[in-house]
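Let's take a walk through a model, going from single residues to a pocket and back out to some rings. Have the viewer open and follow along.

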Amino acid sequence: MWAASCVDVARNKEGSILGRMHLVDIDETQTLGYVGYRVGKRYIGKGIASQALRLLLEAASEKSIDRIKAKTINNNKASQIVLEKNGFKLIATSNEVFEMSGQRLKFVYYTWSK
């Protein structure tokens, strides 16, 4: 198993980072990894995460990663849309509730496979 570091998602003309995406905890024997990403507040809703995830999936496929897992929180609809646009399937919603910023939330789990 090895972990990949964060990579720049995209940069604008001035060279500022628009966001980050990473594939971590890669298990080569199971051809499995976990994706995470974040886009800067000013760049949300511009398709950056969707495009970056598509490119990451292409690169992962070239490295023989057959499955990728992801999780988000149930109120993060934008992230859910990004995952689903890129072929991730909803597999479960956690039964455990946690509080963040005064909201009661649950984790939502997704998986992608070739």
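Before anything else, a cut-off: a residue is called buried under 20% relative accessible area, exposed over 50%, and partly exposed in between. Keep in mind, too, that what you're looking at is a predicted model. Now try the cut-off on Gln103, which is found in strand E7. Gln103 has a relative accessibility of 37%, so it counts as partly exposed. While you're there, jump to Asn75: the two residues are 28 apart along the chain, and their C-alpha atoms are separated by 9.4 Å.

Stay around E7 for a moment. Ser101 has its place in the loop between strand E6 (98–100) and strand E7 (103–105). Is Ser101 buried or exposed? At 73% relative accessibility, Ser101 counts as exposed. Its backbone deserves a look as well. Most residues other than glycine have a negative phi. Ser101 has a phi near 55°, a positive value in a residue other than glycine. Asp25 is another such case, with a positive phi near 50°. Asp25, though, lies in a strand, namely E2 (residues 17–27). With a relative accessible area of 40%, Asp25 is partly exposed.

Now for the open space. Rolling a probe the size of a water molecule over the atoms shows where empty space is left. Here the largest pocket has a volume of about 470 Å³. Its lining is made up of 24 residues, and Tyr37, Ala49, Asn76, Ala78 and Ser79 lie nearest the centre. Which elements give two or more residues to that lining? They are strand E3 (32–39), helix H1 (48–62), strand E4 (67–73) and helix H2 (77–85). H2 gives the most, with 6 residues. As for chemistry, the lining divides into 13 nonpolar, 7 polar and 4 charged residues.

Let's look at H2 on its own. Ser79, Gln80, Val82 and Leu83 are buried in this helix. Seen down the axis of H2, these buried residues fall within an arc of 160°, so they line one face of the helix. The general background is simple: an α-helix has 3.6 residues a turn, so residues three or four places apart point the same way. On the other side of H2 you'll find Lys77 and Lys85, which are exposed. Ser79 ties two parts of the tour together, being buried in H2 and also one of the residues nearest the centre of the largest pocket.

Lys77 also makes a handy ruler point. Leu55, found in helix H1, is 22 residues from Lys77 along the chain, and their C-alpha atoms are separated by 21 Å. Leu55 counts as partly exposed because its relative accessibility is 44%. You can lay another ruler from Lys41 to Leu56: these are 15 residues apart along the chain, with 21 Å between their C-alpha atoms. Lys41 has its place in the loop between E3 and H1. At 76% relative accessibility, Lys41 counts as exposed.

Last stop: the rings. How many aromatic pairs does the structure hold? It holds 2 aromatic pairs. Take Phe107 and Tyr109, whose ring centres are 6.4 Å apart and whose planes meet at 45°, so this pair is tilted. The cut-offs help here: planes under 30 degrees apart count as stacked, over 60 as edge-to-face, and the rest as tilted. Ring pairs link Phe98, Phe107 and Tyr109 into a cluster. Phe107 is partly exposed, since its relative accessibility is 26%, and Tyr109 is partly exposed as well, because its value is 31%.

Phe107 has a charged partner too. The charged end of Lys71 sits over the Phe107 ring, 4.1 Å from the ring centre. With Lys71 in view, you can see Phe107 both in its ring cluster and under that charge.

How values were computed. Residues numbered from 1 in each chain as written. Predicted model: local features only at pLDDT ≥ 70, side-chain atom pairs only at ≥ 80, totals over all residues. Heavy atoms only, no water. 1 Å grid on protein atoms, 1.4 Å probe; cavity = no way out; pocket = protein on both sides within 12 Å on 5 of 7 lines; lining within 4 Å. Points joined across faces, edges and corners; volume = space filled by probe spheres on them. Helix = DSSP H or I, 4+ residues; strand = E, 2+ residues; numbered from the N terminus. Nonpolar A, V, L, I, M, F, W, Y, C, P; charged D, E, K, R; others polar. Phe/Tyr/Trp six-rings, centres within 6.5 Å; stacked < 30°, edge-to-face > 60°. Buried < 20%, exposed > 50% of the residue type's maximum accessible area, 1.4 Å probe, protein only. Lys NZ or Arg CZ within 6 Å of the ring centre and 35° of its normal. Arc of directions from axis to C-beta.
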